[in-house]
Every structure is written in C-alpha cells, then in structure tokens.
Amino acid sequence: MLGLFLATTVSVFAQADDISPARKQAIDSLALEKVKDLSKYISIIGSKETQFSEANRVMDRAEELFAPGAEMGVSSINSSEIAYYKVRRYFERLMALNYDRVNITWYDIQYISDLERQPDGRYVGVITVFQRFEGTSIETGMNYKDTTKKDITIYVEKKQTQIAGRTIEFWDVMLGDVRVTETSA
C-alpha cells in the first residue's frame, strides 16, 4: 500500500512540473524574445558609434540573459577554427574590433529542437540564428563580411520569488552556449 501511495505521489509531482501547451507557447515566445534582445544588444555593442559607457551598460543587460558559465563561439571565413569565450569576454572583444564600421544583423531566428525535459527538471531546447557580420576599415580599405549559423541552447527552469510575503513559482528562460555550426562568405 505504501508503494502505491509513493508511486502516485511521485507521479502527481512529476505532472505538476510538466509544461502545459499554453505555458509552452508563452515560454517559446519569451525565449525568442530574449534571443531578439541579444541580437539588438550585440548590434549596439559592436557598433563603433556606441559610447563606451552605453556599451558597458548594454553588456550588463546582455549578460543577464545568460546562464552562468555560458560561452559564445567566434568564427571567420579565414580559418577553420572556432574560438569560444565567456559571454562578457565575447562582448569586450566585440566592442574592441579594429574596424571603423561594424554592422551585425541576425535573421531567420527559429526553434530547431523542441523543449525536452532533463533529469534535473529543467527543459532544454535549441534556437538557431543566422548572423551577418560586416566590418569596414576606412584607412586600410579592408572590408570583411561573413554569415554564420549559430545554435543557441535554451534553458527553461522553474524558479521562485517572494511577492508580498507569498512565494510565487514561475518558469524562467536563460540562454546557454552559442555554438557556431557553419560560416560562409
């Protein structure tokens, strides 16, 4: 009898953490919105017209989108190597690029894998984006362009917060590693 009670209890708790279709749609929208925010932040940080103080403020905001320890991939059509940097270091390097003009745009942002529940209770999915990078140096006449396909890991987990003395549970979306999958001219 105790075994039946425990099995039923575990089943009820497991179902309580399942994501309803309506909740999943809201989570998907939030994840896509966070990726679009990251796209805007990268464009601002990379722009040579952005003031240093503004770029630092935007870097702080962008970092808040990520799970701790997340890395971002960097590639070039001039090399087959892909380098990975912690998020803050990636932003600092982006801001310091040696171009007079930098234009970075993301497009075709879409889920490529549905959210899958992990043993720790979190859900994990992948969003893919295409990034168009253009850097121009007026003095040297150097003009570099590439298009990179990137996969962004998405983590969804239940969190708690206190509001007016009450504990409220909610699902939060964090971005994980940004992996380069291909780079072309």
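**Rings, charges and hairpins**

Hi everyone, let me start with one residue: Phe91 is buried, with a relative accessible area of 0%. Throughout, buried means under 20% relative accessible area, exposed means over 50%, and partly exposed is in between, using a 1.4 Å probe and protein chains only. What you see on the screen is a predicted model, where local features need pLDDT of at least 70 and side-chain atom pairs count only at pLDDT 80 or more, while totals for chains, interfaces and linings use all residues. Residues are numbered from 1 along each chain as its sequence is written, and side-chain values use heavy atoms, with hydrogens and water left out.

Let's stay with the aromatics. How many aromatic pairs does the structure hold? There are five. In one of them, Tyr90 and Phe91 meet edge-to-face, with 5.7 Å from centre to centre and 65 degrees between the planes. For the cut-offs, rings of Phe, Tyr and Trp (its six-membered ring) pair if their centres lie within 6.5 Å; planes under 30 degrees apart count as stacked, over 60 as edge-to-face, and the rest as tilted. Tyr90 is buried too, with a relative accessible area of 7%. Elsewhere, ring pairs join Tyr99, Phe133 and Tyr144 into a cluster.

Two rings also have a charge over them. The charged end of Arg179 sits over the ring of Tyr84, 4.2 Å from its centre. Over the ring of Tyr111 you will find the charged end of Lys24, 6.0 Å from the centre. The rule here is that NZ of Lys or CZ of Arg is within 6 Å of the ring centre and within 35 degrees of the ring normal.

Now to the salt bridges. Side chains of opposite charge can pair when their charged atoms come close. We call it a salt bridge when a side-chain nitrogen of Lys or Arg is within 4 Å of a carboxyl oxygen of Asp or Glu, and by this rule the count comes to 15. I picked out three that sit within helices. Helices (H or I, at least four residues) and strands (E, at least two) are DSSP runs, numbered from the N terminus.

In helix 2, residues 21-46, Lys40 and Asp37 are three residues apart, about one turn of the helix. Their closest N and O atoms are 3.4 Å apart. Are the two partners buried or partly exposed? Lys40 is partly exposed at 46%, whereas Asp37 counts as buried at 19%.

Helix 3, residues 52-63, holds Glu54 and Arg57, again three residues apart, about one turn of the helix. This salt bridge has its closest N and O atoms 2.8 Å apart. Glu54 is partly exposed at 30% relative accessibility, and Arg57 is partly exposed at 42%.

The third pair is in helix 4, residues 87-95, where Arg89 and Glu92 lie three residues apart, about one turn of the helix. Salt bridges with shared partners join these two with Asp60, Glu63 and Arg88 into one network. The N to O distance between Arg89 and Glu92 is 3.7 Å. Arg89 is partly exposed at 43%, and Glu92 is partly exposed at 32%.

On to the strands, which pair if DSSP finds at least two bridges between them. Strand 4, residues 123-136, pairs with strand 5 in the antiparallel sense over 14 bridges. One bridge partner to look at is Lys145 in strand 5, opposite Glu134. The hairpin of strand 4 and strand 5 has six residues between the strands, and there Gly141 takes a positive phi near 75 degrees.

Strand 5 and strand 6 also run antiparallel, joined by 16 bridges. Here Lys149 has Glu182, in strand 6, as its bridge partner. Two residues lie between these strands in their hairpin, and Ala164 in the turn has a positive phi of about 50 degrees.

That brings me to backbone angles. Most residues other than glycine have a negative phi. Ala164 lies in the loop between strand 5 (143-163) and strand 6 (166-184), and it counts as exposed at 79% relative accessibility. Where does Asp108 lie? Asp108 is in strand 3, residues 101-117. Its phi is near 50 degrees, a positive value in a residue other than glycine. Asp108 is partly exposed, with a relative accessible area of 44%.

Thanks for listening!
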